[in-house]
Amino acid sequence: MGVRFKSLLGTLALVASFTAIADVASAQEVRGDVQTLPEAFERAFFRNDRSYYENRSLFRQANYILGQGSIIQNGFPENEITRDANLVNRVYDEALAIQSTSDPLIRTADLPTPYTTSLQLLPVQAPQTTPSTSFSPPPVQSAPFSTPVAVPAAPGPVPALW
């Protein structure tokens, strides 16, 4: 009886530990219909022109040359890349708009400044006339020429490198 009770108690402890591990609460539930921002960019980037490994099929190679694509859009790679770039640009603009409107506008006080006025608020002063004097630049000092220095002749080739 004592052995059965110990094995039953051990089995119960094992089952309890498994259920405790399996029922760990997650901090945040992920919904299937919500995309993260990197996923949205990845999806927009590969919308028309697929990745390298998907472009290796026989159909994609023929599409590269002939550009048959679909009824609405041709399949030339340059046009596919252009459509992907436009889509990435729209996703980027939308992400910036969401980012700038999701939080309230935060205003902070300006830093203190020692200046109490601006140049625009200063009174206008009449230009002062000064008697004109002839301008004479200072004389230019020329540097004395130095004697030419003899340049040694180039040494011959290094024996180990030719």
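Are Arg60 and Asp49 buried or exposed? I opened the notebook with this pair and found that both Arg60 and Asp49 are buried. I keep in mind throughout that the model is predicted.

**Entry 1, the whole chain.** I looked up the secondary structure before anything else, and the protein has four helices and zero strands, so that I read its elements from the N terminus as α-α-α-α. I then checked burial over the 162 residues of the protein and noted that buried residues make up 9% of them. For the accessible surface I wrote down about 16000 Å², with 64% of that area belonging to carbon and sulfur atoms. Turning to contacts with a separation of 6 or more, I found that residues 24 or more positions apart account for 46% of them.

**Entry 2, Asp49.** I located Asp49 in the loop between α2, residues 37-45, and α3, residues 58-66. Its relative accessible area is 15%, and because the cut-off for buried is under 20%, I entered Asp49 as buried. I also listed what Asp49 touches once its neighbours within four places in sequence are left aside, and the list holds Asn55, Arg60, Glu80, Ile81 and Asp84. With one of these, Arg60, the side chain of Asp49 makes a polar contact of 3.3 Å.

**Entry 3, salt bridges.** How many salt bridges does a search of the whole structure find? I noted two. One of them is formed by the side chains of Arg60 and Asp49, at 3.3 Å from N to O. Since Arg60 lies in helix α3 while Asp49 sits in the loop between α2 and α3, this pair ties together parts that are eleven residues apart in sequence.

The side chains of Glu80 and Arg60 also meet in a salt bridge, for which I recorded 3.0 Å from N to O. Here Glu80 belongs to helix α4, residues 77-101, and Arg60 to helix α3, so the pair ties together parts that are 20 residues apart in sequence. I checked burial for this pair as well, and both Glu80 and Arg60 are buried.

**Entry 4, putting the pairs together.** Which residues do the salt bridges with shared partners join into one network? I wrote down Asp49, Arg60 and Glu80. Going back to my contact list, I saw that Arg60 and Glu80 are both among the residues in contact with Asp49.

How values were computed: Residues numbered from 1 in each chain as written. Predicted model: local features only at pLDDT ≥ 70, side-chain atom pairs only at ≥ 80, totals over all residues. Heavy atoms only, no water. Buried < 20%, exposed > 50% of the residue type's maximum accessible area, 1.4 Å probe, protein only. Polar contact = N/O pair within 3.5 Å; in protein donor to acceptor, adjacent residues only side chain to side chain. Contact = heavy atoms within 4.5 Å. Areas by Shrake-Rupley, 256 points an atom, 1.4 Å probe, with all protein chains shown as cover. Salt bridge = Lys/Arg side-chain N within 4 Å of Asp/Glu carboxyl O.
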